[in-house]
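Please walk me through this structure, beginning with its overall form and ending with the contacts between charged side chains.

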Amino acid sequence: LISENTQFFTRISEIQENYLEQKKKSFELEEQIGTIRESKNKIELLLNTKVQELEVRESDIIKLQESQKSLINKNEMLDSSLHVAEQTLQLQAKEFSIQLEKFKSKIVEYENKIAEENNIETGTDESNQINRLKKKIIEKDNISKILENKIIDLQ
């Protein structure tokens, strides 16, 4: 009976030791689980932060793409406006050329008329000829000024 009691208490002691070891291991495992949970939470927080950063970047990229499309549209509009302006300038240049030719033609007519008048009045005294020449010079200066003004206006 004593031997059985001794064995029984020995067995109880072993069970208690195993229990304490298991409890110690359980505590250590709980500490490890806590550490793992903390690491997991930190990782999740870091991941959430990175996701938010990526969403912001994606939003920025979308804004940049929209801005780029807007700039492309504005550039196309400017190209179109430039083309229209070039065509308008070409038309104005043609009109100017036509007007210039008409004006030159009138100048030639006027010079011919003056030449005819000079031929008719040939043989008069020198002072009349000098006065006519002065008038011709003034008229030609006036014509030059008119031409210059028209050129400036057309530019």
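Helices here are DSSP runs of H or I with at least four residues, and they are numbered from the N terminus. The model is a predicted one. By that definition the protein has two helices and zero strands. Helix α1 covers residues 2-120.

The overall dimensions come next. Along the principal axes, the C-alpha atoms occupy a box of roughly 175 × 25 × 10 Å. The radius of gyration is 54 Å, whereas a compact globule of 155 residues would have one near 15 Å.

The surface can be read alongside these dimensions. Of the 155 residues, 5% count as buried. The exposed area of the protein is about 14300 Å², with 57% of it supplied by carbon and sulfur atoms.

Charge is the next topic. The protein carries 24 positive and 30 negative charges, and the mean positions of the two sets lie 4 Å apart. How many salt bridges does the rule give? The count comes to four, where a salt bridge requires a side-chain nitrogen of Lys or Arg within 4 Å of a carboxyl oxygen of Asp or Glu. Three of these pairs can be followed along helix α1.

One of them joins Arg11 and Glu14, with an N to O distance of 3.5 Å. What separates Glu14 and Arg11 in helix α1? They are three residues apart, so about one helical turn lies between them. Both side chains sit in the partly exposed class: Glu14 has a relative accessible area of 38%, and Arg11 has 47%.

Further along, Lys50 is paired with Glu53, and their closest N and O atoms are 3.8 Å apart. Both residues belong to helix α1, where a spacing of three residues amounts to about one turn. Lys50 is partly exposed at 44% relative accessibility, and Glu53 is partly exposed at 34%.

Another salt bridge links Lys104 to Glu101, with 4.0 Å between the closest N and O atoms. Because Lys104 and Glu101 are three residues apart in helix α1, they are separated by about one helical turn. Lys104 has a relative accessible area of 42% and is therefore partly exposed, since that class lies between the 20% limit for buried and the 50% limit for exposed.

Taken together, the Arg11 and Glu14 pair, the Lys50 and Glu53 pair and the Lys104 and Glu101 pair each have a spacing of about one turn within helix α1.

Definitions and conventions. Residues are numbered from 1 along each chain as its sequence is written. This is a predicted model: local features need pLDDT of at least 70, side-chain atom pairs count only at pLDDT 80 or more; totals for chains, interfaces and linings use all residues. Side-chain values use heavy atoms; hydrogens and water are left out. The radius of gyration is taken over C-alpha atoms; the globule rule is 2.2 Å times the number of residues to the power 0.38. Buried means under 20% relative accessible area, exposed over 50%, partly exposed in between (1.4 Å probe, protein chains only). Accessible areas come from the Shrake-Rupley method with a 1.4 Å probe; for residues, only the protein chains shown count as cover. Lys and Arg count as positive and Asp and Glu as negative; His and the chain ends are not counted. The place of a charge is taken as NZ of Lys, CZ of Arg, CG of Asp or CD of Glu.
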